[in-house]
Amino acid sequence: MITSLRMVNFKNFADETLKVGPFTVITGANASGKSNIRDAFRFLHGIGRGYTIAQIIEGTSQWPGIRGAPSEVIRFEPVYSFSWSTMKVSVEANLDEQKFSYSITVGYNPHSPEHFRLEKESLIVGSEILYDTFEDSNGRSLSAHLKDTGETPARFNRTQPVLMQLEAAINVPFSGLVYELLSLFQHTRFLEFSPDHLRKPSKRGGSVFSDSGENLSAALESICRDPDRKRILLSWLHELVPMDVEDFEFPFDSNNLTQLLFVERSGRKVSAYSASDGTLRFLGVLTALLAEQPPSIYVFEDLDAGIHPARLWLLLDFIERQTAQGGLQVITTTHSPALLTWMNDSTFEHASVVYRDDYWTDSIIRPIAGLYNLRELRKSTSLGELFTSNWIGEALKFSEGDADTDHMDDDESEDEC
């Protein structure tokens, strides 16, 4: 399980850390930088998929790359043709009762043939440094002393993370630990459901539920083969939607595509084409989290999108119950005051706000629970109301310092001189 994510000079974050728990909620105004956090997780996911640094950022035919222009991933562009701007992404994670600390620094220079290169990388497990890179005298490669492999430093190229190069290396004594961390990065899903995709029929055997919601009917049919998971699915669906769904059917059409039919207690059958967007989004989340072999991490963009506030607390309860069992993390952005109001104490402790003042160049990330006396205030006041009234924004502005006031003070000091 990832416990923290640190971003240095990554997009609009100078040096910010996100506290991560079983269920992590990230809120903030539009354009504050919430989606940039998602991009940092996608950067790690690209490492897990085995891409080069340039492929992770710029994309391939199978990978869209990091959102935005390549030059926008790193906060500062190079000033001179020979200079390199750098950004760093670091994570801490607990895997099999061991604490992992992984950090990677990437350089960017638009005037260099490779554009992107590895500047530094390290992996620490517990208190032991498994490797920590340093630059060779020629600058073309990096070297590192690998734990328990002798004094001779191993050399690595600068186009790909060392973590991936170690996986392919022979006789690395800690290769199992490397595999565990890479597996965590690889088994991350970024869900952004489209109702149109959720409605589509599925190919026979197409049980892979896509990030946009394709193959919903095939994924549901797979869940329904397990009586226990089907029972859980139907019980939550009863609570979440007004339809009195008793069962599902998956007939095939003339194109050999399986359809999704909701079977109500009255015997009425409703196709996915007729179901509401909110019902399908609910069903998409239930299907993802009840998968037989779910990934390590689900990242949602605005989990509450299209879902009625009166039903949102039930979906929140379902996610909190699923993630509390261990082995699965959910991270979501939200604009919903209702979601903030109804989250339980554990989720509250892992909720953060991303904030950027009109006068600030960069955004900050702060745990909501750390704002003034909010733990006590939450007992008597709706957290959603505090968010809607901009109390949280004003509290952050006050606690972090008003950039405009600081600027005015500087001007006044200059005038006095």
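This note sets out numbered points on the fold, the cores, the voids and a few individual residues of a predicted model.

1. Overall form. The chain contains 15 helices and 19 strands. Its radius of gyration is 24 Å, close to the 22 Å that the globule rule gives for 417 residues, so the chain is as compact as a globular protein of that length. Along the principal axes, the C-alpha atoms fill a box of roughly 75 × 65 × 40 Å.

2. Burial and contact range. Of the 417 residues in the chain, 51% are buried. Among contacts with a separation of 6 or more, 56% are made by residues 24 or more positions apart.

3. The largest nonpolar core. This core has 64 residues, and the members that touch the most other members are Phe 248, Phe 262 and Leu 289. Helix H8 (residues 277-289) supplies the largest share of the core, with seven residues. A further core, of 60 residues, lies apart from this one and has Leu 18, Phe 41, Ile 66 and Val 91 among its members. As general background, nonpolar side chains tend to be buried together in soluble globular proteins.

4. Surroundings of Leu 289. Once neighbours within four places in sequence are set aside, Leu 289 is in contact with Tyr 298, Phe 300, Phe 318, Ile 319, Gln 322, Leu 328 and Val 330. Leu 289 is also one of the three residues singled out in the largest core for touching the most other members. Two of these contacts recur in the pockets: Tyr 298 is among the residues nearest the centre of the largest pocket, and Leu 328 is among those nearest the centre of the second largest.

5. Helix H6. This helix is mostly covered, with seven of its nine residues buried. The buried positions are Leu 216, Ser 217, Ala 218, Ala 219, Leu 220, Ile 223 and Cys 224. The cover over them includes helix H5 (195-199), strand S11 (202-203), helix H7 (227-240), strand S12 (245-249), strand S13 (257-258) and H8. H6 (216-224) and H8 also both appear among the elements that give two or more residues to the lining of the largest pocket.

6. The largest pocket. The space in this pocket comes to about 600 Å³. Its lining consists of 28 residues, and those nearest the centre are Arg 189, Val 208, Phe 209, Pro 295 and Tyr 298. Besides H6 and H8, the elements giving two or more residues to the lining are H1 and strand S10 (188-191). By residue class, the lining divides into twelve nonpolar, nine polar and seven charged.

7. The second largest pocket. Here the space is about 380 Å³. There are 22 lining residues, with Met 1, Gly 326, Gly 327, Leu 328 and Gln 329 nearest the centre. Helix H4, helix H9 (309-324) and helix H11 (345-349) are the elements that give two or more residues to this lining. The division by class is ten nonpolar, nine polar and three charged.

8. The cavity. The count comes to one cavity of 30 Å³ or more, and the largest cavity has a volume of about 40 Å³. The residues lining the largest cavity are Ile 2, Phe 41, Leu 44, His 45, Leu 184, Phe 185, Thr 188 and Ile 297. Helix H1 (34-48) and helix H4 (175-186) each give two or more residues to the lining, and H1 gives the most, with three. The lining is made up of six nonpolar and two polar residues, with no charged residue.

9. Val 20. This residue lies in the loop between strand S2 (13-19) and strand S3 (23-28). Its relative accessible area is 4%, under the 20% cut-off, and Val 20 is therefore buried. Beyond residues up to four places away in sequence, Val 20 touches Ile 2, Thr 3, Ser 4, Leu 5, Phe 41, Gln 329, Ile 331 and His 350. Of these partners, Ile 331 is 311 residues from Val 20 in sequence, yet the C-alpha to C-alpha distance between the two is 8.1 Å. Ile 2 and Phe 41, also touched by Val 20, are among the residues that line the largest cavity.

10. Ser 83. This residue is placed in the loop between helix H2 (53-58) and strand S4 (85-95). Ser 83 counts as buried because its relative accessibility of 18% is under 20%. Ser 83 and Ser 112 are separated by 29 residues in sequence and by 9.4 Å in space, C-alpha to C-alpha.

Conventions
Residues are numbered from 1 along each chain as its sequence is written. This is a predicted model: local features need pLDDT of at least 70, side-chain atom pairs count only at pLDDT 80 or more; totals for chains, interfaces and linings use all residues. Side-chain values use heavy atoms; hydrogens and water are left out. Helices (H or I, at least four residues) and strands (E, at least two) are DSSP runs, numbered from the N terminus. Buried means under 20% relative accessible area, exposed over 50%, partly exposed in between (1.4 Å probe, protein chains only). Contact means heavy atoms within 4.5 Å. A nonpolar core is a set of buried Ala, Val, Leu, Ile, Met, Phe, Trp, Tyr and Cys residues joined through side-chain atoms within 4.5 Å. On a 1 Å grid over the protein atoms alone, a cavity is a set of points where a 1.4 Å probe fits but cannot get out, and a pocket is an open set with protein on both sides within 12 Å along at least five of seven lines; lining residues have an atom within 4 Å of a point. Grid points are joined across faces, edges and corners, and a volume is the space filled by probe spheres set on the points. Ala, Val, Leu, Ile, Met, Phe, Trp, Tyr, Cys and Pro count as nonpolar, Asp, Glu, Lys and Arg as charged, and the others, Gly among them, as polar. The radius of gyration is taken over C-alpha atoms; the globule rule is 2.2 Å times the number of residues to the power 0.38.
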